[in-house]
Each structure stands twice: as C-alpha cells, then as structure tokens.
Amino acid sequence: MSSHSAGGFTLVDSAIALPQGAWARAHRRMLSFEGRPLLGLTQGRFRPCLFPVFSPQGFLVTSESPADHPHHNSLWIAADHVHAHMPVANGTETYTYNFYVDETFQGRAPGRLVETGCTLKPAGPDAATITQTIDWRGPSEWAAPDGRLVLYEVRATTVRLGSTHTLIDVTSTLSSRDWEVSLGPTRHAYFNARLSETMLHGLVITDDRGPAAARLPAVADASWVDATGPVGGGNLAGIAVMPAPLQGAPPTWFVTDWGVITAGCVRANGRHLPRGESLVSRCRFVVHDGVLPAAALGALHRDFLAEST
C-alpha cells in the first residue's frame with residue numbers, strides 16, 4: 001500500500017470492495033484531512049477521475065458511472081475529436097481519436113488516459129496539491145499495438161478546505177511531443193461534472209445571472225454554473241463549476257437538469273497545439289453544503305480568475 005502525506009492531508013490506497021476472490025481493474029486513492037475523507041482519485045479502465053467527492057459535511061455529491069452515460073465519471077477531464085497530424089512521406093495525415101466515450105463513437109475507437117505518476121505536496125494552510133502525470137493513448141492499432149501516445153498531460157489538483165465549501169482547483173497542461181495535435185470542434189470536452197442521483201430530485205441550477213433552468217442546455221455567456229440539490233435527511237449540497245478563459249476565449253457550456261455540467265472552449269472552434277507546445281486549461285469546482293449565495297460564488301470566481309492570471 002502506498003501513502004503520501006502533506007500537513008494534515010493523507011493520500012492512501014483504498015481497496016475497492018468486491019466479493020471474495022474477485023479483483024478490481026480500477027485503482028483508487030483516498031485523500032483525507034485529519035481522518036476526514038474528502039475525495040478519491042480513481043483510475044478506471046479509460047480515464048482517471050475524482051470519485052467519490054464529499055461535501056464538508058460528508059455528503060456524496062457526484063455519480064461515478066451512471067447507467068445512462070457510463071463514461072460520465074464524477075469530476076473528470078475528457079475530449080472527443082482529438083486530431084493528431086502525423087508527418088508522412090510528401091505530406092501530413094490526420095488521425096482522429098475519441099477520448100470521451102468508452103466504446104467506438106461515430107467510428108472512432110476509444111483511447112485511454114492512463115496515470116503514470118502521482119505526488120502530494122502542501123499548498124498553504126488547509127490546502128494540498130496532487131500532481132498527476134497522464135498519458136493520452138490511442139487504441140491498439142496497426143503499427144501501434146500499445147496505442148499511440150497522442151498527448152501528455154500534467155494535472156495539478158489543489159484542494160482547499162473551508163467551513164461550508166471545499167475548493168478543488170484543477171490545472172491541466174496538455175503537451176504534444178512528436179506531432180501537431182488539435183482538439184475539437186466538439187461539445188464533448190473538457191471539464192465535466194456528473195451529479196449524484198439524489199440531487200436530481202429538486203435540483204436547482206443557477207449561474208452568475210440567476211436561475212438558469214430556462215436557458216439550458218447552453219447557458220450562453222455564463223461565467224460559472226452551480227447545481228444544488230437534496231442529498232438526504234433534508235440536507236442540500238451542490239457543486240459550482242468555474243472554468244477560466246482559455247487563450248482569452250470564454251467558456252462554452254452543456255448543462256442539463258439530468259445531472260451533467262460540461263465547460264470548455266472547443267465547442268465552436270478547435271484549439272491547435274503545435275509540436276512541442278502546451279495548452280493550459282484551468283477550472284475551479286466548489287463543493288458546498290446548503291445553498292451557497294450567488295455573492296459568495298461570484299467572489300470565489302473572481303478570486304480564482306485573479307489567481308489564474
């Protein structure tokens with residue numbers, strides 16, 4: 001069993017409960033603070049995600065792999081329409097990969113995001129940063145039986161504790177090494193949240209302009225989106241998603257009343273990544289108990305943007 005510690009934070013391997021004699025293909029580490037579980041880092045067959053995710057009072061606020069969309073994995077990063085522009089004799093060929101759905105999607109076989117390293121370090125009072133290295137590998141194919149290494153990612157997840165909310169700040173740095181890569185256009189990217197099933201019965205979705213139900217699924221021009229719902233025993237909890245602009249472009253959204261929030265900047269226009277360069281994307285997730293007022297959410301969003309510049 002591996003274990004990391006930073007201040008009062010610990011990151012420890014966690015066994016996935018199975019019947020006697022069975023074994024899990026997935027791997028999970030639990031991040032706790034002074035013995036209180038905060039979230040899990042789960043490496044599934046196709047991608048790493050954050051699951052479970054608990055509110056400060058200990059309520060589960062995400063769903064790991066719902067029956068209607070099993071590739072929706074709690075809090076996760078994914079992207080469909082990833083194009084590797086491969087140099088060949090007398091020109092370039094474009095190979096297109098699916099890093100979003102767990103099966104062949106629109107003719108594209110699924111790729112895998114595989115964690116290759118993980119560290120935990122302190123990040124100030126009541127805060128710690130988990131840094132993962134992740135390979136974006138295409139499916140097994142002719143001339144690449146282990147899958148092509150399409151992209152290399154360094155993902156830093158900083159967790160900060162508060163009395164009514166937990167901040168989860170994710171910085172994803174995607175790098176191309178051997179060829180040019182582009183992402184999108186696609187709505188299936190980039191930062192994603194899938195809510196707990198219990199929250200859907202009484203779910204209230206708001207953004208920086210107020211109630212958002214009439215504007216779903218696009219919530220155009222929103223700066224942040226919050227989803228709050230029941231989590232049992234008369235309690236409420238929620239998640240707010242706050243992406244930073246990417247290369248000056250505001251986020252585009254896909255938000256539903258059945259529990260998914262996606263924020264990215266590649267829906268209308270793709271992003272091109274020259275060989276040897278990186279694309280840095282940032283997003284803040286605010287996991288909270290009760291109803292977090294819009295003024296408080298707005299302040300957390302402004303703070304995050306200031307820290308991201």
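## Cavities

A cavity here is a set of grid points where a 1.4 Å probe fits but cannot get out. This is a predicted model, and its second largest cavity has a volume of about 40 Å³. In total, the structure holds three cavities of 30 Å³ or more, and the largest has a volume of about 110 Å³.

Who lines the second largest one? The residues are T186, R187, A189, T252, W253, F254, T262, G264, V266 and R267. Strand 18 (252-255) and strand 19 (260-264) each chip in at least two of the lining residues, and the largest share, three residues, belongs to strand 18. By class, that lining has four nonpolar, four polar and two charged residues.

## Around the largest cavity

The lining of the largest cavity is made up of P48, C49, L50, L75, W76, I77, Q132, R155, T157, V170, F191 and F285. Strand 5 (48-53), strand 6 (75-88) and strand 10 (149-161) are the elements that give two or more residues to this lining. Sorted by class, you get nine nonpolar, two polar and one charged residues.

Strand 6 also has a partner to look at: it runs antiparallel to strand 7 (residues 91-99), and eight bridges join the two. One of the pairings puts V82 opposite Y97 in strand 7. The two strands form a hairpin with two residues between them, and N90 in the turn has a positive phi of about 65 degrees.

## Salt bridges

The salt bridge count comes to 13. One of them joins E64 to R28, with the closest N and O atoms 3.0 Å apart. This pair links distant parts of the chain, since E64 sits in the loop between strand 5 and strand 6 and R28 in strand 3 (residues 27-33), 36 residues apart. E64 is partly exposed at 29% relative accessible area, while R28 counts as buried at 13%.

Now for R284. Its side chain meets that of D169 in a salt bridge (2.7 Å, N to O), tying strand 21 (residues 278-289) to strand 11 (residues 165-175) across 115 residues. Are these two buried or exposed? D169 is buried because its relative accessible area, 8%, is under 20%, and R284 is buried too, with 2%.

R284 also forms a salt bridge with E307 (3.3 Å, N to O). E307 lies in helix 1 (residues 294-308), 23 residues from R284, and counts as partly exposed at 48% relative accessibility. Shared partners join R160, D169, R284 and E307 into one salt bridge network.

Conventions: Residues are numbered from 1 along each chain as its sequence is written. This is a predicted model: local features need pLDDT of at least 70, side-chain atom pairs count only at pLDDT 80 or more; totals for chains, interfaces and linings use all residues. Side-chain values use heavy atoms; hydrogens and water are left out. On a 1 Å grid over the protein atoms alone, a cavity is a set of points where a 1.4 Å probe fits but cannot get out, and a pocket is an open set with protein on both sides within 12 Å along at least five of seven lines; lining residues have an atom within 4 Å of a point. Grid points are joined across faces, edges and corners, and a volume is the space filled by probe spheres set on the points. Helices (H or I, at least four residues) and strands (E, at least two) are DSSP runs, numbered from the N terminus. Ala, Val, Leu, Ile, Met, Phe, Trp, Tyr, Cys and Pro count as nonpolar, Asp, Glu, Lys and Arg as charged, and the others, Gly among them, as polar. Two strands pair if DSSP finds at least two bridges between them. A salt bridge is a side-chain nitrogen of Lys or Arg within 4 Å of a carboxyl oxygen of Asp or Glu. Buried means under 20% relative accessible area, exposed over 50%, partly exposed in between (1.4 Å probe, protein chains only).
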